[in-house]
Every structure is written in C-alpha cells, then in structure tokens.
Amino acid sequence: PEVQPEPYRIKAIEPLVLTTRAQREAALREAGWNTFLLRSQDVYIDFLTDSGTSAMSSVQWAEMMRAAETLSYSAAYHRFVETIQEVYGFPYVLPTHQGRAAEHVLSQVLIRPGQYVANNMYFTTTREHQERAGGIFVDVIIDEAHDPAAHHPFKGNMDPEKLRDLIRRVGPEQVAYVCLELNVNMAGGQPVSLENVRTVAQLCREFGIPLIFDATRAAENAYFIKAREPGMQDRAIPDIFRELMSYADGITVSAKKDLLVNIGGFLAVRDAALYRRMEQFALRFEGHPADGGLARRDLVAMAQGAREMLDVNYLRSRIEQVAYLAAALRKAGVPIVEPPGGHAVFIDARRFLPHLPQDQFPAQRLAGEIYLAAGVRAMERGIVSAGRDPETGQHKYPRLELVRLTIPRRVYTQRHLDVAAEGILDVFARREQIGGLRMVFEPPVLRFFTARFEPM
Ligand SMILES: CC1=C(O)/C(=C\N=C(/Cc2ccc(O)c(F)c2)C(=O)O)C(COP(=O)(O)O)=CN1
C-alpha cells in the first residue's frame, strides 16, 4: 500500500533533535534500557504511544483559545456533552481527566468483589482497575488473537462460546459486565466485527449482563468494519459508528487516541441511575461532573476532535500509514503481527530473537536496539508489560512478546516511516548478535513504566 494523500497540511512544526549513536547509548544506559524512561529530547521519532501525542487541528486550537474558563455547567461543558451525545448516541456523558480515570469510576461502581469481568484480551490499566475493584479478569478473545501470524480480519473478536461457558460456569449474576475493547491494543490494534458485536450484545441481553465498550479506538475500528466486513463498503463511517455504539450499555473512552487531544476522557451510559452513581463517585476523585478535572479548553478540544475523528479521508490516510510501515518491514522478512493494526505495527520479538528465552526480555531488548539504531522509540508489549501472577509471584508468560511501533495521528511523514524501517532492518541484520537483558529494578505495580534493566 502507498501512503494515502493526507487531507491536511502542516501549519506549525516542532523541531526534532538528531542524535549520534554514542549519545543514544549513553541515554539508554541512563534510562536503564527502558524506553519509557528516556528523556523525550533524546528521541528523534517517538513511536512510544499514540496516546495524547497526535496533532490537533487549527480548529481545535482556535476553540481552545475561545473557551471561557467558567466553572460548573459551562458553555464548554454543554458543547462537549451535546457533541458526544450526537456522535456516540448516549444520553448521559461524564468527562474524566483521561481513560484510566473512566475505568476507575466504572469498575468501582459496577463490580462487586468476587465478580467476574469478561474481556477481549487485557489492557494494563483496564485490568488493573477491574482487579482493584475486586473483579476477576477473564480473557474470552478468539484464539487467533494470541497468534501473531494468524491472518484473521477481526482478531479482536470475542469467542461467544468462551463467553457463554463463563456465564454458565459462574452464573450471570456473578458477571459484573462484559468489557469489549475496540481495536484491541494488546492484540496489535485488532478490530472487532459488527457481526461479532451483535452476537456478544445478544448474549449479554439474554443473560441481563451489562455490555461496556472500551471505545478508545472505536473510530479506527469503524474504518476496519467498512474496509473489511462484507456488506459494509458503501456505508458511511458515522453511520457504522453509531450502529456500533448502539449495542453498548456504556463506554469508557480515553480521548487521547481517537479524539485527537493531549488529555481527556469520558464515560457515557444509557441508564440514569448508573450515571448518578458514577457522578457521585467521580466527584470525589475526578472533580466536578461538568469538567472531570479538565479545563474548559480540554472539553471543547474533545468536542471538536469527536467531529474530526470520523472523517474517512483522515482515517484512511492514518491507517494506511500504519500499513505502509508494516509492508516495509514484511518485505524485508521482519516478523510482525498480521494483519497490521489501526494505530501501530507490532514486531514479534519472539520470532525476531528466537535464541532468547522470554525471561531475558526479548521485546524490551529489541525496543532498546531500535532506539540505538535510529533514535526511534518503541514500546515493549510482552512479558514485562504482563507483570507477575499475584498468586505465584512468577512472571506471567504472555504468548505475545511484542514491540509496538505506535504511530501518532497527523504527526509524522512518510520519510519518518522510511527512517524507522531502515533502522529496524539494520537491527534485523544483526539479530543473532543481540543478547538478553537482566531486570535490575522491579516496581510492584505496572512495572513496565519504571523498571530498569542491564544487558546480560
Ligand atoms: C485501550 C486503552 C488504552 O490503550 C489506554 C491507554 N493507552 C496507552 C497509554 C498507556 C496506558 C497504559 C500502559 O500500560 C501503557 F504502556 C500506555 C497506550 O499507549 O496505548 C487506556 C487508558 O487511557 P489513558 O492513558 O487515557 O488513561 C484505556 N484503554
């Protein structure tokens, strides 16, 4: 695929710093071989995350400047709520400062300790908040999602039989809710089909179990439905998106992805009583229900982002940019998760460095090597991110040992993608010489953010 023509042009630029390999070796040692701990100014192309790193539009910036910072139920708040109601189709909307805040509120309100939550694979903060609320996390994603080489067009799909088995085993009243993530991040940004959502929604209705979406990358999921699902090619993205949302009882959203803002999130539900409970809980932790701890300018930036995120030309250029990088790596034989996702290319570190056992942290090492080669910062999404089993204290050994090259929205050009690919191919050529890592500092929770390593 070639990169689709971008339906926008650059108006403001941020200078990037070019570093030498020697400088990068010192920086990486200083950061304990953890790309999360690198200083941003030592990074040339930042593929750590698509979260909060996208470029806003001139309209978003203009709206931010105009927003009056008046407290309580401000014009900005009404503008935000009305836009989310219209775009997503939910009556009750509660702003939060970002996605994990929405997860915190929802999990605390919906989960009774000991209840189960069915998910399509895990996401670190989502699982953390489900477990903090006493929930028992269960993965009911289809088997193909755990196989990086499997070519399934909708690897984010839930397996209805796995879900039905769980409900039968524990009883419907023991399932707090079903949490369906769209464009499943840890599986490689893999979409869920509309057909699967309908099936899951039917199952939840049958047993009276709430269906909650993590709709953080739902706009990009809607694009894959249009592009890949039979009978959807001629439907407009907003139409597909509204139908998709119509199957959920509620959603949590990190606005730092789809909605093209640097901070923000929200909850949206259909039930007034559930909204009241969330609002009362959020008051203590997130701030007034009319701002969720955000400034008014953040609310209007989210409102405008919700308008821009469903533009099919923007979505096509964004998603084809990811496919372009994936194609460059695939052509050279670099093992990646197939098919390419919506927000990132995921390298299969297990197949890239087959000589390393998983507890020598192959993905962590590979992310460091890619940084050394080209100043490109990637993110480990393997054994380090998976953490330890609370019962045994042992590492969880996830089947997916991945390095995520996460492409911010409307930021990098094709040349930046070429430079990243060249650097990765350089590491690929030297892969036999690459050794493992030893973890020398391990924090107790979400260790991947601050753990430190040394080469073996
Ligand atoms: C599908 C989903 C997310 O992708 C997500 C965040 N994602 C990040 C940031 C991040 C988060 C946790 C990590 O282990 C991580 F290393 C990176 C990311 O890069 O992908 C959140 C939470 O939204 P918040 O970031 O607004 O609170 C909820 N749901």
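The paragraphs below lead through a predicted model, beginning at its ligand and moving on to one helix and several individual residues.

The ligand is a convenient place to start, since its position relates the two domains to each other. Domain 1 (21–50 + 311–455) and domain 2 (58–308) each contribute residues to the shell around the ligand, and the ligand therefore lies between them. This shell holds 23 residues, of which T49, R100, T124, D214 and S254 come nearest to the ligand. Sorted by class, the shell is made up of 9 charged, 9 polar and 5 nonpolar residues.

Some of the surroundings of the ligand can be described at the level of atom pairs. In the side chain of R100, an N or O atom is 2.6 Å from an oxygen atom of the ligand, while for G99 it is a backbone N or O atom that lies 2.8 Å from a ligand oxygen. The side chain of R217 also takes part, with an N or O atom 3.0 Å from an oxygen atom of the ligand. Taken on its own, the ligand has 580 Å² of accessible area, and the protein covers 97% of this. Among the secondary-structure elements, those that give two or more residues to the shell are α4 (99–110), α5 (124–132) and β11 (379–381). The largest share comes from α4, which supplies 3 residues.

Attention can now turn to helix α14, which covers residues 362–374. How does the distance between its ends compare with the span expected at 1.5 Å a residue? The 13 residues of α14 should span 18 Å, and because the C-alpha atoms at its ends are 18 Å apart, the model agrees with that expectation. The helix is also largely enclosed by the rest of the structure, because 12 of its 13 residues are buried. The buried residues of α14 include nonpolar-named positions such as L366, I370 and L372, together with R365 and E369. Directly after α14 comes G375, and the phi of this glycine is positive, near 70°.

Another buried position is found in helix α8 (residues 218–228), which contains Y223. The relative accessible area of Y223 is 9%, and the residue is classed as buried because this value falls under the 20% cut-off. Between Y223 and L244 there is a separation of 21 residues in sequence, and their C-alpha atoms are 11 Å apart in space.

Several loops deserve a closer look for their backbone geometry. In the loop between α12 (312–331) and β9 (344–348) lies P339, and the peptide bond that joins E338 to P339 is cis, with omega at about -15°. In the loop between α1 (21–30) and β1 (45–46) lies W33, a residue other than glycine whose phi is nevertheless positive, near 55°. A positive phi, near 45°, is likewise found at L446, again a residue other than glycine, and L446 belongs to the loop between β13 (437–441) and β14 (452–455).

Are W33 and L446 buried, exposed or something in between, and what are their relative accessible areas? W33 has a relative accessible area of 8% and is therefore buried, as the cut-off for that class is under 20%. L446, by contrast, has a relative accessible area of 26% and is partly exposed, because that class takes in values between the 20% limit for buried residues and the 50% limit for exposed ones.

How values were computed: Residues numbered from 1 in each chain as written. Predicted model: local features only at pLDDT ≥ 70, side-chain atom pairs only at ≥ 80, totals over all residues. Heavy atoms only, no water. Near = heavy atom within 4 Å. Polar contact = N/O pair within 3.5 Å; in protein donor to acceptor, adjacent residues only side chain to side chain. Areas by Shrake-Rupley, 256 points an atom, 1.4 Å probe, with all protein chains shown as cover. Helix = DSSP H or I, 4+ residues; strand = E, 2+ residues; numbered from the N terminus. Nonpolar A, V, L, I, M, F, W, Y, C, P; charged D, E, K, R; others polar. Domains from an automatic or database assignment. Expected span 1.5 Å × (residues − 1). Buried < 20%, exposed > 50% of the residue type's maximum accessible area, 1.4 Å probe, protein only.
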